[in-house]
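Work through the exercises below with the model in view. Try each task before you read its solution.

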2 protein chains.
Amino acid sequence: MSNDEHIYRQILKAIVEHQLPPGARLPEDRLSEAFGVSRTGIRKVLQRLALEHFVVIEKNKGAQVNRPSEAEASEVLDSRILIEPQLIPALLAHWDAAQSKRFRAMAQEEKQAEAANMLADSIQLTARFHYELATLSGNKVLASFIEQLCYRSSLILAAYGTHGSVGCECGDHAQLLDLLDQKNASKAQNWMSHHLKHIKSSLILESKPEENIDFQRLFGR
Amino acid sequence: MSNDEHIYRQILKAIVEHQLPPGARLPEDRLSEAFGVSRTGIRKVLQRLALEHFVVIEKNKGAQVNRPSEAEASEVLDSRILIEPQLIPALLAHWDAAQSKRFRAMAQEEKQAEAANMLADSIQLTARFHYELATLSGNKVLASFIEQLCYRSSLILAAYGTHGSVGCECGDHAQLLDLLDQKNASKAQNWMSHHLKHIKSSLILESKPEENIDFQRLFGR
DNA sequence: ATAAAATATATCGTATACAATTTCTTGAGA
DNA sequence: TCTCAAGAAATTGTATACGATATATTTTAT
């Protein structure tokens, strides 16, 4: 993996896992020290993160973690509600015992992470469950869009989620897997739609305080 | 508009309008001369174009206009087929006489451009018709994704389209506007779905020759 | 003591420099 | 004449420099 990609993933991970909360500033030289590269490389990944809406860059003011607006949060979830259920038929075409097993293991892991209150893992696994499902539809263009929306959803949860709502409390992902095993497309679609709507409705609207972040400890070597 | 944005749009325009064909190389210093900025600014927009799949950057080999694979072409169109018809209901909620008038003017312009064989204008207007429609749905997240897919479709047409297939020969966009005026959601959805499938099926699979490009003439001042 | 102005510090935007890599050109040998 | 190696030119990757802008601090006047 290229070095840029490595830095990109680390920062994205920190944002998605709520270690860098919405509004946190990301000064270039502080990051370049932490990662041991020049500002050039840092700017590159910050610009990418900005295009993907994980950070916001204001001219001459630098980057900070995006604080999604209420409208943005709503639109991201609506987009998923529109697309993800529609992927079920294509996905079912590739559904077999091996996939079922793979996803059940993921759901299991997810459940454990949630039970153990491992917030970061729980967030990652929840997002991964959804976008790996999207990937199985076979359409890489849509899958990568869904991947981005899943990560944005994690950021949205950081801004608007209750602590309990990180996992999908409206019932287990395993329920969906049962429906997929039965090859019941319409029920699976309904389940997915309901699931996402439930997540959306669980969002609340309040801002959160900030803190000082030790980049050296987060990323340094 | 920022300078970067200006450069970005010019290059994107040139790609989308088939002035920079798939496979065309985009050397940084040639572009920086043409636009009168340093390579720094050029690299920034090339990286953005790469993230959006309009160019491909290979390590130590620079950027060239993306030559979409058959799979990519298919997936982009499939994505539009999945999403665009689904936007019709939300779109209809905002549909009124003013919008109808606006879109009819666009459709008219489009028709004229096609009749006059003004390829570049025709391509731009066709894409714009679709993504402005998407914008009217009210979901900016989806609309900007559709916008990107429309531009990618233009690039795909450059690679796989017949000359005649640039415009939407399966009938006028005005037909859709009639259905929207009637507030007939399901018929409008069907029309859109059929329209996009027709475009997809009109693609043919053959590569095209290259030429030498005079960046100074294209972009210079 | 407070508010406004002035200075200092931090941070970003852009250009440039130089090393690393690729691509092109040239020439020697078969 | 063709092939391939060696050198030259072109091109990219990354770091650094420096001016411009924003933010924080100090100073000064009321």
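**Exercise 1. Find the residues that come nearest to DNA strand D, and say which atoms of the strand face the protein.**

Solution.
Step 1. Collect the residues near the strand, where near means that a heavy atom of the residue lies within 4 Å of it. There are 16 residues around DNA strand D, and A:Ser38, A:Thr40, B:Arg30, B:Arg39 and B:Arg43 come nearest.
Step 2. Sort the strand atoms within 4 Å of the protein. Sugar or phosphate holds 67% of these atoms of DNA strand D, and bases hold the rest.

This is a predicted model, in which local features need pLDDT of at least 70 and side-chain atom pairs count only at pLDDT 80 or more, while totals for chains, interfaces and linings use all residues. Residues are numbered from 1 along each chain as its sequence is written, chains are lettered from A and ligands numbered from 1 in the order in which they are written, and side-chain values use heavy atoms, with hydrogens and water left out.

**Exercise 2. Describe the polar contacts to DNA strand D and the elements that form the surface there.**

Solution.
Step 1. Apply the rule. A polar contact is a pair of N or O atoms within 3.5 Å; within protein, one must be able to donate a hydrogen and the other to accept it, and residues adjacent in sequence count only if both atoms are side-chain atoms.
Step 2. Check the phosphates. A:Ser38 places a polar side-chain atom 2.7 Å from a phosphate oxygen of DNA strand D. A polar backbone atom of B:Glu28 is 3.0 Å from a phosphate oxygen of this strand.
Step 3. Check the bases. B:Arg39 has a polar side-chain atom 3.0 Å from a base nitrogen of DNA strand D.
Step 4. Name the elements, with helices (H or I, at least four residues) and strands (E, at least two) taken as DSSP runs numbered from the N terminus. Two or more residues of the surface near DNA strand D come from each of α3 (39-51) of chain A, α2 (28-35) of chain B and α3 (39-51) of chain B. The largest share, 3 residues, is that of α2(B).
Step 5. Class the residues. Ala, Val, Leu, Ile, Met, Phe, Trp, Tyr, Cys and Pro count as nonpolar, Asp, Glu, Lys and Arg as charged, and the others, Gly among them, as polar. The surface near DNA strand D has 2 nonpolar, 5 polar and 9 charged residues.

**Exercise 3. Repeat the analysis for DNA strand C.**

Solution.
Step 1. List the neighbours. Of 15 residues around DNA strand C, A:Arg30, A:Arg39, A:Arg43, B:Ser38 and B:Thr40 come nearest. Sugar and phosphate make up 68% of the strand C atoms that come within 4 Å of the protein.
Step 2. Read the phosphate distances. For a backbone N or O atom of A:Glu28 the distance to a phosphate oxygen of DNA strand C is 3.1 Å. For a side-chain N or O atom it is 3.0 Å at A:Arg30 and 2.7 Å at B:Ser38.
Step 3. Assign the surface. α2(A) gives the most to it, with 3 residues. By class, the surface near DNA strand C holds 1 nonpolar, 5 polar and 9 charged residues.

**Exercise 4. Characterise the interface of chain A and chain B.**

Solution.
Step 1. Count residues in contact (heavy atoms within 4.5 Å). Each chain is represented: 20 residues from chain A and 20 residues from chain B.
Step 2. Take the buried area, the accessible area (1.4 Å probe) that two parts lose on being put together, summed over both. Here the area is about 1,800 Å², and carbon and sulfur atoms give 67% of it. A:Glu75, A:Leu82 and A:Val141 supply 32% of the area that chain A buries against chain B, more than any other three residues.
Step 3. Look for salt bridges (a side-chain nitrogen of Lys or Arg within 4 Å of a carboxyl oxygen of Asp or Glu). The interface has 0 salt bridges. Between chain A and chain B, 8 residue pairs are in polar contact, both at pLDDT 80 or more.
Step 4. Trace the side of chain A that touches chain B. α3, α4 (70-93) and α7 (140-160) of chain A each supply at least two residues. α4(A) gives the most, with 8 residues.
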